[in-house]
Structures are given as structure tokens and as C-alpha cells.
Amino acid sequence: MFFTRTQRYQASIPKEDLKNRLIGNHVKIHDMDFEVYEKDQSLRIIPHAEQAEGIKTLPITRVEMKEEGNKMNVVITSKMRRLDSGGPMLLMFFCVFLILASVILMAVDGEPKLTFSLLGAGTGILIVFFVRLQIGYFDYIRKIRDYVKSQMDFA
């Protein structure tokens, strides 16, 4: 949904070769260990969050590979763990509620101080939230994607 990212690539490496390069490896990103394993004919990259200190929003990444002739299509999909998704979704709904309330107050000629305060609070919280996501959650996704790409030979 909001926090899911999908990237598609074409590689010239055989499927089994890529699997052998990735399966069983551990990727270290921001002192967090991610393990690569095979499940249901695709690869999963999951975090080992037992050693995590504090609250972190972490992705689970799925790498699907399909061979078509001498090319291989690779689809990398990263989703937020269900355990982590409650807080960010609640914060998104709260910000949307604040912004929507300010728009409704503007439409019915409400008090300008309250209207612009709600709009500023909702927008400010949303901006800080997305900056934090870019520094944390989406950075994990970018680095996992770069790791998988580094193991492929491109066409």
C-alpha cells in the first residue's frame, strides 16, 4: 500500500546462479542483520530484529525470478512487517484527519487561527514522518535492492 515498493529488472545471469549467490548470505545494513533464504520458489530477505535496540520499522523483501529465454526478469518487492505497520498507519490517518478537518473549517469559514493551526500541525507532522521514513525504512529498502542488484549481471 503506502509503504510497499516494487522494482523490476532484467538480468543476463541464470536463475540458479543468482539463487546460489544470494541464499544463505547475511546482509548488514545500519548494524542490522538481514538473512536471505528461499521460500515458495522465491527468495526472502528478512531482518533479524532480536538484536534491535529501540523501535525500528523494517521491511521484508521478496525476490521473484522468472526466466524468459536468455534473460531473467527479477521483481524485488519490499513490504513493511505487519508488526511494524500499526504505528505508521495510525500516524498517517491522524495527519490526514487534521488536514481534512482544516479544509472543512476553511470551507465553512471557521476561525482562521484554528484552521491554519490544524493545517500546519497535520502538514508538519506528515513532513517529519516522511523524512524519518526516508532516513530509516526506505533506506533499508534501497540498500537491500542495491545488494540484490550487485549480485546480478545486467543485460
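Is Lys143 buried, exposed or partly exposed, and what is its relative accessible area? In this predicted model, Lys143 has a relative accessible area of 36%, so this residue counts as partly exposed. Its salt-bridge partner is Asp139, and the closest N and O atoms of the two are 3.5 Å apart. Asp139 has a relative accessibility of 13% and therefore counts as buried, the cut-off for that class being under 20%. Both residues sit in helix H4 (residues 137-150); because they are four residues apart there, about one helical turn separates them. The pair also belongs to a wider group, since a network of salt bridges links Asp139, Arg142 and Lys143.

It helps to keep a simple idea in mind here: side chains of opposite charge can pair when their charged atoms come close. Across the whole structure, a search finds six salt bridges. One of them joins Glu38 to Lys19, with 2.7 Å between the closest N and O atoms. This salt bridge ties together distant parts of the chain: Lys19 belongs to helix H1 (residues 15-22) and Glu38 to strand E3 (residues 32-39), and the two are 19 residues apart. Lys19 is buried, at 4% relative accessibility, whereas Glu38 is partly exposed, at 37%.

A further salt bridge is found between Arg62 and Glu64, where the closest N and O atoms are 3.1 Å apart. Here Arg62 counts as partly exposed at 31% relative accessibility, and Glu64 is likewise partly exposed, with a relative accessible area of 29%.

We can now turn from charged pairs to helix packing. Two packed helices are described by the angle between their axes and the distance between the axes. For helix H2 (residues 82-107) and helix H3 (residues 112-135), the angle is about 155° and the axes lie 8 Å apart. Angles over 145 degrees count as roughly antiparallel, and H2 and H3 are therefore roughly antiparallel to each other. The crossing of H2 past H3 is left-handed.

Which residues of H2 meet H3? On the H2 side they include Pro88, Leu91, Phe94, Cys95, Leu98, Ile99 and Leu105, while the H3 side includes Leu114, Phe116, Leu118, Leu119, Ile125, Leu126, Phe129 and Phe130. Sorted by character, the residues of this contact comprise 19 nonpolar and four polar ones, with no charged residue. Among the residues of the contact are also Ser102 in H2, and Thr115, Gly122 and Thr123 in H3.

Note on methods. Residues numbered from 1 in each chain as written. Predicted model: local features only at pLDDT ≥ 70, side-chain atom pairs only at ≥ 80, totals over all residues. Heavy atoms only, no water. Axes fitted to C-alpha atoms, helices over the stretch in contact; angles between N-to-C directions. Parallel < 35°, antiparallel > 145°, perpendicular 65-115°, else oblique. Left-handed = near helix turned anticlockwise from the far one by under 90°. Contact = heavy atoms within 4.5 Å. Nonpolar A, V, L, I, M, F, W, Y, C, P; charged D, E, K, R; others polar. Salt bridge = Lys/Arg side-chain N within 4 Å of Asp/Glu carboxyl O. Buried < 20%, exposed > 50% of the residue type's maximum accessible area, 1.4 Å probe, protein only.
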